[in-house]
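Biologist: Hello, and thanks for sitting down with me. Could we go through this structure together, one question at a time?

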Amino acid sequence: MTAPTPSVLFVCVHNAGRSQMAAGFVRALSGGAVEVRSAGSMPAERINPVAVEAMREVGVDLTGEQPKVLTPEAVQASDVVVTMGCGDACPFYPGVRYEDWQLDDPAGQGIEAVRPIRDEIRGRVVTLLESLGVPVRTA
């Protein structure tokens with residue numbers, strides 16, 4: 001019998017930078033072994049183009065992604081919810097594991113400022129995948 005696929009939801013205010021980068025890293029580093037979602041409490045119209053560029057530099061393509069609104073159903077359907085500055089806008093449900101990642105917001109930043117944020121997110125995603133027992137793929 002195989003273990004169920006773990007699911008992770010990344011939440012930030014605009015779902016345009018941090019949460020999108022984290023979701024992209026989970027997809028790339030887990031090889032599809034984790035169901036991943038991202039959402040925002042007040043989604044932007046589009047993903048931050050500097051975040052897209054920063055991720056492209058490390059081989060992760062975010063060009064097809066769109067900011068999505070946070071729903072209680074998405075939270076309930078997730079094993080782990082990682083918040084990134086959404087504060088009280090993120091609903092809490094018993095039985096769901098929560099983590100709050102304090103990260104700088106890439107909004108309005110240039111590529112030089114976004115790269116360290118990207119790299120910190122990657123490190124945290126690796127730790128998260130290890131905690132879920134998911135092997136981390138290397139490119």
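Modeller: Gladly. One definition first: the radius of gyration is taken over C-alpha atoms, and the globule rule is 2.2 Å times the number of residues to the power 0.38. Please also keep in mind that this is a predicted model.

Biologist: What radius of gyration does the protein chain have, next to that of a compact globule?

Modeller: The protein chain has 139 residues, and for that number the rule for a compact globule gives a radius near 14 Å. Along its principal axes, the C-alpha trace spans about 45 × 35 × 25 Å. The value for the chain agrees with the rule: 14 Å.

Biologist: In what order do the elements of the protein chain run from the N terminus on?

Modeller: There are four helices and four strands to place. Reading from the N terminus, the order is β-α-β-α-α-β-β-α.

Biologist: What share of the contacts in the protein chain with a separation of 6 or more comes from residues 24 or more positions apart?

Modeller: A contact here means heavy atoms within 4.5 Å. Among the contacts with a separation of 6 or more, residues 24 or more positions apart account for 70%.

Biologist: Which elements do the buried residues of α1 pack against?

Modeller: Let's begin with the helix itself: its 13 residues should span 18 Å at 1.5 Å a residue, and its end C-alpha atoms are indeed 18 Å apart. α1 is mostly covered, with 11 of its 13 residues buried; among them are M21, F25 and L29. The packing partners of these buried residues are β1, β2, α2, β3 and α4.

Biologist: Which residue just after α1 takes a positive phi?

Modeller: The phi in question is about 60°. The residue that takes this value, just after the helix, is G31.

Biologist: Is N15 buried or exposed?

Modeller: N15 lies in the loop between β1 and α1. Its phi is near 50°, a positive value in a residue other than glycine. Buried means under 20% relative accessible area. N15 has a relative accessible area of 0%, so N15 counts as buried.

Biologist: How far apart are the end C-alpha atoms of helix α4?

Modeller: Helix α4 covers residues 111–131, which makes 21 residues. At 1.5 Å a residue, the helix should span 30 Å. The distance between its end C-alpha atoms agrees with that: 30 Å.

Biologist: Which elements do the buried residues of α4 pack against?

Modeller: The buried residues of α4 include I111, V114, I117, R118, I121 and V125. An α-helix has 3.6 residues a turn, so residues three or four places apart point the same way. The elements that the buried residues of α4 pack against are β1, α1, α2, β3 and β4.

Biologist: Which residues is V58 in contact with, leaving aside its neighbours within four places in sequence?

Modeller: V58 is found in the loop between α2 and α3, and it is partly exposed, with a relative accessible area of 38%. The C-alpha atoms of V58 and D119 are separated by 9.6 Å, although the two are 61 residues apart along the chain. Leaving those sequence neighbours aside, the contacts of V58 are F25 and R118.

Biologist: One last item: how far apart do the centres of the positive and negative side chains lie?

Modeller: The protein chain has 12 positive and 17 negative side chains. Each set has its own centre, and the two centres lie apart by 5 Å.

Note on methods: Residues numbered from 1 in each chain as written. Predicted model: local features only at pLDDT ≥ 70, side-chain atom pairs only at ≥ 80, totals over all residues. Heavy atoms only, no water. Helix = DSSP H or I, 4+ residues; strand = E, 2+ residues; numbered from the N terminus. Expected span 1.5 Å × (residues − 1). Buried < 20%, exposed > 50% of the residue type's maximum accessible area, 1.4 Å probe, protein only. Lys, Arg positive; Asp, Glu negative; His and termini not counted. Charge placed at Lys NZ, Arg CZ, Asp CG, Glu CD.
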